[in-house]
Amino acid sequence: CVHIGLTKYRHDTLVDDHQPPEVQRTSLEHLILRIHAARLHEHDPSGKAAAICARLLEPPNPLYVAKAVEQLVRLGALIVEPGTGRERLTALGSHLARLPLEARLGKLVLY
């Protein structure tokens, strides 16, 4: 990797050796949509994407995952069943999972 205009000191202090994991680079809303689209949440007895996120090598903060699920419910991409608390992807959510956009922008594009 060539960095033009950087001294060794600036390179060592400013440039990271490795990129952060993809889980930390993508939005949690999109990650949760992809978990549901791949039906990974069905392999957990709770039926929640948060349980799958907790199993990752570098799991995101559970509070942020809960806020992302809440945001997706508000957008109409997920439904949380009242009795069991299991999460289910809606038709809108399945379309949003395929788009390379944030969930809010994807809904704007679709509607």
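**Entry 1: Glutamate 102 and its partner**

I looked up glutamate 102 and found it partly exposed, at 40% relative accessibility. The model is a predicted one, and I read every value below in that light. Glutamate 102 forms a salt bridge with arginine 104, with 3.8 Å between the closest N and O atoms. I then checked arginine 104, which also counts as partly exposed, because its relative accessibility is 45% and the exposed class begins over 50%.

**Entry 2: The other salt bridges**

I searched the whole structure for salt bridges and obtained 5. I noted two besides the pair above. Glutamate 81 is joined to arginine 88, the closest N and O atoms being 3.6 Å apart. Glutamate 81 has a relative accessible area of 29% and is partly exposed; arginine 88, at 42%, is partly exposed as well. Glutamate 42 forms a salt bridge with arginine 39, where the closest N and O atoms are 3.4 Å apart. For glutamate 42 I recorded a relative accessible area of 43%, so this residue is partly exposed.

**Entry 3: Arginine 39 and leucine 40**

I turned to the backbone at arginine 39, which follows α3 and has a positive phi, near 60°. Leucine 40 I located in the loop between α3 (28–37) and α4 (49–54). Its relative accessible area is 37%, which makes leucine 40 partly exposed. With residues up to four places away in sequence set aside, leucine 40 touches Ile35 and Ile52. I also took the C-alpha to C-alpha distance from leucine 40 to arginine 104: the two are 23 Å apart in space and 64 residues apart in sequence.

**Entry 4: α3 and the core**

How many residues of α3 are buried? I counted 8 of its 10, so the helix is mostly covered, given that buried means under 20% relative accessible area. The buried residues are Leu28, Glu29, His30, Leu31, Ile32, Leu33, Ile35 and His36. I next examined the largest nonpolar core, which has 19 residues; Ile32, Leu33, Ile35, Leu72, Leu96 and Ala103 touch the most other members. At least two residues of this core come from each of α3, α4, α5 (62–75) and α6 (91–98). For isoleucine 32 I listed the contacts beyond four places in sequence: Ala49, Val65, Ala68, Val69, Leu72 and Leu78.

**Entry 5: The two sides of α6**

Which residues of α6 are buried? I found Leu92, Gly93, Leu96 and Ala97. They lie on the same side of α6, because they cover an arc of only 135° around the axis. The general rule bears on this: an α-helix has 3.6 residues a turn, so residues three or four places apart point the same way. On the face turned away from the buried side I noted the exposed residues Ala91 and Arg98. I then asked what covers the buried residues of α6, and the elements include α3, α5, β2 (87–89) and α7.

**Entry 6: A nonpolar patch**

Lastly, I looked for nonpolar side chains at the surface. Leu101, Leu105, Leu108 and Val109 make a nonpolar surface patch of about 380 Å². Leucine 101 lies in the loop between α6 and α7 (103–110). I recorded leucine 101 as partly exposed, at 33% relative accessibility; this value passes the patch criterion, because that criterion asks for over 30%.

Conventions. Residues numbered from 1 in each chain as written. Predicted model: local features only at pLDDT ≥ 70, side-chain atom pairs only at ≥ 80, totals over all residues. Heavy atoms only, no water. Salt bridge = Lys/Arg side-chain N within 4 Å of Asp/Glu carboxyl O. Buried < 20%, exposed > 50% of the residue type's maximum accessible area, 1.4 Å probe, protein only. Helix = DSSP H or I, 4+ residues; strand = E, 2+ residues; numbered from the N terminus. Contact = heavy atoms within 4.5 Å. Core = buried A, V, L, I, M, F, W, Y, C linked by side-chain atoms within 4.5 Å. Patch = residues over 30% accessible without salt bridge, like charges linked within 9 Å, V, L, I, M, F, W, Y side chains within 5 Å. Areas by Shrake-Rupley, 256 points an atom, 1.4 Å probe, with all protein chains shown as cover. Arc of directions from axis to C-beta.
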